[in-house]
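Visitor: I am new to this structure. Please pick one part and take me through it closely.

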Amino acid sequence: MKKRFYRRERDYERVYQLLVETYKPGDRFRNWLPSRWEYMHFHSDYKDEHAENSGIWEDSGKIVAVVHNELDLGEAFFTVHPDYEFLKPEMLDHAEHYLTKLLDDGTRKLTVYGNDFDEDLSSLFSKKAFIKQEKHLYYYTICLIKESPIVGELPEGFKLKSLAEDNDLVKVDRVQWRGFNHEGESPEEGVAERELMQSAPNFRKDLTVVVEEPNGEFVSYVGMWLMDELRVGYVEPVCTDPDYRRMGLGKIAVQESICRCMEAGAETVVVESSLPIYLSCGFQPKFVRYPWVKSFS
């Protein structure tokens, strides 16, 4: 068994394949979906200098476990092959040494994440004095696709489009900037950030849906990632311009994206949220990933 630090050029695809290998169809899955791993690496806030603090465990040259951050230090996620769960204590030790975040008051903080059904990991967190955060959790909701959902009707003058039909990056950036409650117009570098995300190997313009308002601006956006080898879709991100909320636009866009994902071969679609918009589209909460927090003096 060999432990070392994560290096994107060498390890990105190999960890992706570990996530594919350890995915099991059903109501629960132990590790991230591969699409979230991909989304993270093509996000504009991703930094190699942070990710390179992550730990890799190899057995006979094969990656069997990784403990890693997402976009910033101060967080740790656990990916492990089921035959190597005995590594979890060592993985947590690595996270405590290398993935904490230094705060302004000179203390360090680490948030670790564990599934509600992973009793061993929860027990380990508790023994190491991490405090479970009952109110700040990730719901995993799953939509098993048996038939195409009925797509609602848009208000007059509004249109559904995929980015394969119209990939105006200025409009794509504007709807996401405003849709995530930033004030004013988006900064100049926003278009480059959208280009970066769309350069991800499995980004699907044909599955990513926008709603266009009568004057031609995009006002709702649904990102959809399809893992062909797993026949699983992953929803990320979803947003609507605040001036156009409470019109049902986001729900209709999600429905349309699910239909396109089904036509492309998906049998399941997953979103990491239990917001009413998803429940109304047929998603059902299946399990929770809890954060556990510890401060270090």
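Guide: A strand here is a DSSP run of E with at least two residues, and strands are numbered from the N terminus. By that count, P237 is found in strand β12. Keep in mind that this is a predicted model. Our part is β12 and its surroundings.

Start at P237. The peptide bond that joins E236 to P237 is cis. Its omega is about -5 degrees. Most peptide bonds are trans.

Now look for the partner strand. β12 covers residues 232-240, and β11 covers 218-227. The two pair in the antiparallel sense, over 7 bridges. One opposite pair is V222 and V238, with V238 in β12. Together the strands make a hairpin, with 4 residues between them. In its turn sits R231, with a positive phi of about 60 degrees.

β11 also pairs with strand β10, residues 209-212. Again the sense is antiparallel, this time over 4 bridges. Here E212 stands opposite F218 in β11. These two strands form a hairpin as well, with 5 residues between them. G216 in that hairpin has a positive phi near 100 degrees.

How many residues of β11 are buried? The count is 10 of the 10, so the strand is largely enclosed by the rest of the structure. Buried means under 20% relative accessible area.

What surrounds Y221? Start with the core. The largest nonpolar core has 41 residues. Y221 is among those with the most contacts inside it, along with Y6, V15, F29 and W37. Both β11 and β12 supply at least two residues of this core, and so do α1 (8-22), α2, β3 (62-68), β8 (138-144) and α6. α1 gives the largest share, 6 residues. Next, the touches of Y221 itself, leaving out residues up to four places away in sequence. In β12, P237 and V238 are among them, and C239 is too. Others include L163, V172, V175, Q176 and F203. T208, V209 and V210 complete the list. Apart from the largest core lies another, of 25 residues. V222 belongs to that one, as do L154, I258 and C281. In a regular strand the side chains alternate between the two faces of the sheet.

Now step to the open space. The largest pocket has a volume of about 1,400 Å³. It is lined by 49 residues, and the closest to its centre are F180, E236, P237, V238 and C239. So our cis bond joins two of them: E236 and P237. β12 gives 7 residues to the lining, the largest share. Other elements with two or more lining residues include α6 (169-179), α7 (190-198), β11 and α8 (249-263). By type, the lining has 25 nonpolar, 13 polar and 11 charged residues.

Two loops finish the tour. R246 is in the loop between β12 and α8. Its phi is positive, about 65 degrees, although R246 is not a glycine. R246 is exposed, with a relative accessible area of 88%. N181 lies in the loop between α6 and α7. Here too phi is positive, about 70 degrees, and N181 is not a glycine. N181 is exposed, at 54% relative accessible area. Most residues other than glycine have a negative phi.

Note on methods: Residues numbered from 1 in each chain as written. Predicted model: local features only at pLDDT ≥ 70, side-chain atom pairs only at ≥ 80, totals over all residues. Heavy atoms only, no water. 1 Å grid on protein atoms, 1.4 Å probe; cavity = no way out; pocket = protein on both sides within 12 Å on 5 of 7 lines; lining within 4 Å. Points joined across faces, edges and corners; volume = space filled by probe spheres on them. Nonpolar A, V, L, I, M, F, W, Y, C, P; charged D, E, K, R; others polar. Buried < 20%, exposed > 50% of the residue type's maximum accessible area, 1.4 Å probe, protein only. Pairing = 2+ DSSP bridges. Core = buried A, V, L, I, M, F, W, Y, C linked by side-chain atoms within 4.5 Å. Contact = heavy atoms within 4.5 Å.
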